[in-house]
Amino acid sequence: MDSVELSDFVSDFGQAVGRVAETGERVRITEGGEPARVLVPAAELAELEHFAQRAGDYGMPRTRPRPTDERWRPFGPEEQGPYTRFVHSDGVRMTFVRGREVVAELKSAAEFEWVEERARLGRQSYMPPKQRAAFEEFLARQPPVGDGIAWIAGSWLEDEPFCVLDFVRGRGPEDVALAYGADPRDVAEGLLLHEVWEMDRRDGTEESMKVIAFGEVGRWTWLGYLFDDYGGRLSPPPVEQIKLVSCAGKAMYNFDYRRSGEYQNPFPTEDDTVPRRDAYEINWYTPGEMPFVPDAPLGFLNPHVRRAEEVTLWTDPVELFFAGLERAFGLALPKQGITEGKVRCARLLTPG
């Protein structure tokens, strides 16, 4: 990447802009020999901005740097050869055009570094359709994480030990439990589920009906509780949230998936003309058939569910569906910890 001093560039920008237009390469603008600004081809900057806007937080500040420079604020545009310079109000950013075509943009080094890094992160979640399909097939062939979740499907169908299995990505287990209305004292003291079971047996109470169990496996916080009046109202919405709700009395078993609070409508293949629904009922799924329309928001789950049918020993449709979810999202629940009650929990004070 070529370099030019800021004072020379301001007085003779035509040469640097011409170089960018001819080669498609950036030009570094220095001040006292130190990087100060970057002249970027307009097409490259448009691509970077596109992906930068689609990046998540990733621990980075969401507000871009906006330096100002009082020295360079001419009132009108300036022409040099075929190029015209338009200086933005901050005196730092500049746009260079040829005729009616934008050729290049000048950014501060700090702002351009911010855009470039966010674009790199945004690209990580993007794949062309063919590449995404191949990658989904690859993921579908991977074994489940830890114990997975298919092992709990049978008891969950009977509302045991929880009616609701809630998975949240991007928030810690204690924070989510407190947001759902957990007793802060129970959370601080590290109450375990078996301690509540023992208290119920000893004192004839039903405290276990009022608790929320919680923990963390991989990148997901998991929660288990008995009433859907609690939870699900996190603010701001988590990056991803998956909720499985059982109501044995009504034979209703729902799957709900949200990204950044936005519900991913299932469009089930059995009846893809019906209006949008609040959740996908797992009993709509028939082994051997794709559960979702391929190009629908949840179509990416199809290869994971079908792969679970091919390679696992599960036979019940709900177990197979759970096996597909655990492969697609990396969901898992600690089998021994839950069955022996050696997982953390807290009594719920009020609906979340």
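A polar contact is a pair of N or O atoms within 3.5 Å; within protein, one must be able to donate a hydrogen and the other to accept it, and residues adjacent in sequence count only if both atoms are side-chain atoms. One such contact, of 2.8 Å, joins the side chains of Asp-166 and Tyr-225.

This is a predicted model, where local features need pLDDT of at least 70, side-chain atom pairs count only at pLDDT 80 or more, and totals for chains, interfaces and linings use all residues. Residues are numbered from 1 along each chain as its sequence is written, and side-chain values use heavy atoms, without hydrogens and water.

Asp-166 sits in strand β8, residues 164-169 (strands are DSSP runs of E, at least two residues; helices are runs of H or I, at least four; both are numbered from the N terminus). Asp-166 is buried and has no salt bridge. Buried means under 20% relative accessible area, exposed over 50%, partly exposed in between (1.4 Å probe, protein chains only). Lys-243 is the nearest side chain of opposite charge, 4.3 Å away (Lys and Arg count as positive, Asp and Glu as negative; His and the chain ends are not counted).

The structure holds 22 salt bridges. Each is a side-chain nitrogen of Lys or Arg within 4 Å of a carboxyl oxygen of Asp or Glu. Among them are these:

| Pair | N to O distance |
|---|---|
| Glu-116 and Arg-26 | 2.7 Å |
| Glu-111 and Arg-64 | 2.9 Å |
| Arg-347 and Asp-186 | 2.9 Å |

Arg-347 lies in strand β15 and Asp-186 in helix α8, 161 residues apart. Arg-347 is partly exposed at 23%; Asp-186 is buried at 2%.
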